[in-house]
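Trainee: I have a new model open and would like to practise backing up what I say about it. Could you take my questions one at a time?

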Amino acid sequence: MKYLENMIREKGEVRPGGIVKVDSFLNHLLDYELYREMGKEFKRLFDGEAVNKILTVEASGIGIACVAAQYFEVPVLFAKKHKTSNIDGELYSASVHSFTHGNDYKMVVAKKYLLPTDRVLIIDDFLANGQAMLGMINIVEQAGAHLCGCGVAVEKAFQQGGELVRQRGVRVEALARIKSIDEDKISFC
Ligand code: 5GP
């Protein structure tokens, strides 16, 4: 999606460790036009898959998932990163290692909100090493739901996540795929 690529080129900042900072339009201050176009594009890509639920993980995935949900007209379920007091009943959980933050966390989803009859589209902001995505896939599998595919705003194709997920036969669509980062120059596939 050229719109997103251009914004990353113009406004994205490269941080040590190959981290792309996109706080001014995607991760902190959110550009509503960009979000709208991303929502439309996910709908175009996964139209015909009869998606009835979108799954994402807090926090950055929620906004993108909610805008996409307007086009799919389906609810959004977001995995929580900590078992908080306001989530009760039986839970599906998956352990995830975050390379970005250098820690492990457990993502949880209430069993009552993810059903074997669901047709799920997973949405997230970034696909890097794939651990967050694999955690969500694991949860969909635990529920016995059908996984329609995964949609990410940005795939860092020089990291292994995309390959790990596709190897499992899961369809992955990225709106922008970063091929490489050299010094401050970001190149797209
Ligand atoms: P993964 O589990 O695929 O390694 O990383 C996924 C999560 O880490 C994403 O949901 C995102 O929040 C964060 N992340 C990974 N790489 C980047 C990056 O380059 N920039 C930003 N802003 N977030 C990233």
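Mentor: Gladly; this is a predicted model, and we will go from the overall fold to the ligand and then to two backbone details.

Trainee: What makes the radius of gyration agree with a compact globule?

Mentor: For 189 residues, a compact globule would have a radius near 16 Å, and the protein has 16 Å, so the two agree. The C-alpha trace spans about 45 × 35 × 30 Å along its principal axes. The protein has six helices and ten strands.

Trainee: Turning to the ligand, which residues come nearest?

Mentor: Of the 15 residues around the ligand, V20, A128, N129, G130 and K156 come nearest.

Trainee: Why does the pair between the ligand and V20 count as a polar contact?

Mentor: A nitrogen atom of the ligand is 2.8 Å from a polar backbone atom of V20. The cut-off for a pair of N or O atoms is 3.5 Å, so this pair qualifies. Two oxygen contacts pass the test too: an oxygen atom of the ligand is 2.8 Å from a polar backbone atom of N129, and an oxygen atom is 2.7 Å from a polar backbone atom of G130. As for cover, the ligand taken alone exposes 510 Å², and the protein buries 87% of that.

Trainee: What kind of space does the ligand take?

Mentor: The ligand takes the space of the largest pocket. Two or more residues of the shell come from each of β2 (19–21), β7 (119–127) and α5 (131–143), and β7 gives the largest share, four residues.

Trainee: How do the shell residues divide by character?

Mentor: Six are nonpolar, six are polar and three are charged. Glycine counts as polar in this scheme, so G130 is classed as polar.

Trainee: What makes the peptide bond between E58 and A59 a cis bond?

Mentor: Its omega is about 0 degrees, the value given for this cis bond. A59 lies in the loop between β3 (53–57) and α4 (60–72).

Trainee: And what is notable about phi of E73?

Mentor: Phi of E73 is near 55 degrees, a positive value in a residue other than glycine. E73 is found in the loop between α4 and β4 (76–79).

Key
Residues numbered from 1 in each chain as written. Predicted model: local features only at pLDDT ≥ 70, side-chain atom pairs only at ≥ 80, totals over all residues. Heavy atoms only, no water. Near = heavy atom within 4 Å. Polar contact = N/O pair within 3.5 Å; in protein donor to acceptor, adjacent residues only side chain to side chain. Areas by Shrake-Rupley, 256 points an atom, 1.4 Å probe, with all protein chains shown as cover. 1 Å grid on protein atoms, 1.4 Å probe; cavity = no way out; pocket = protein on both sides within 12 Å on 5 of 7 lines; lining within 4 Å. Sits in = over half its atoms within 2 Å of the grid points. Rg over C-alpha atoms; globule rule 2.2 N^0.38 Å.
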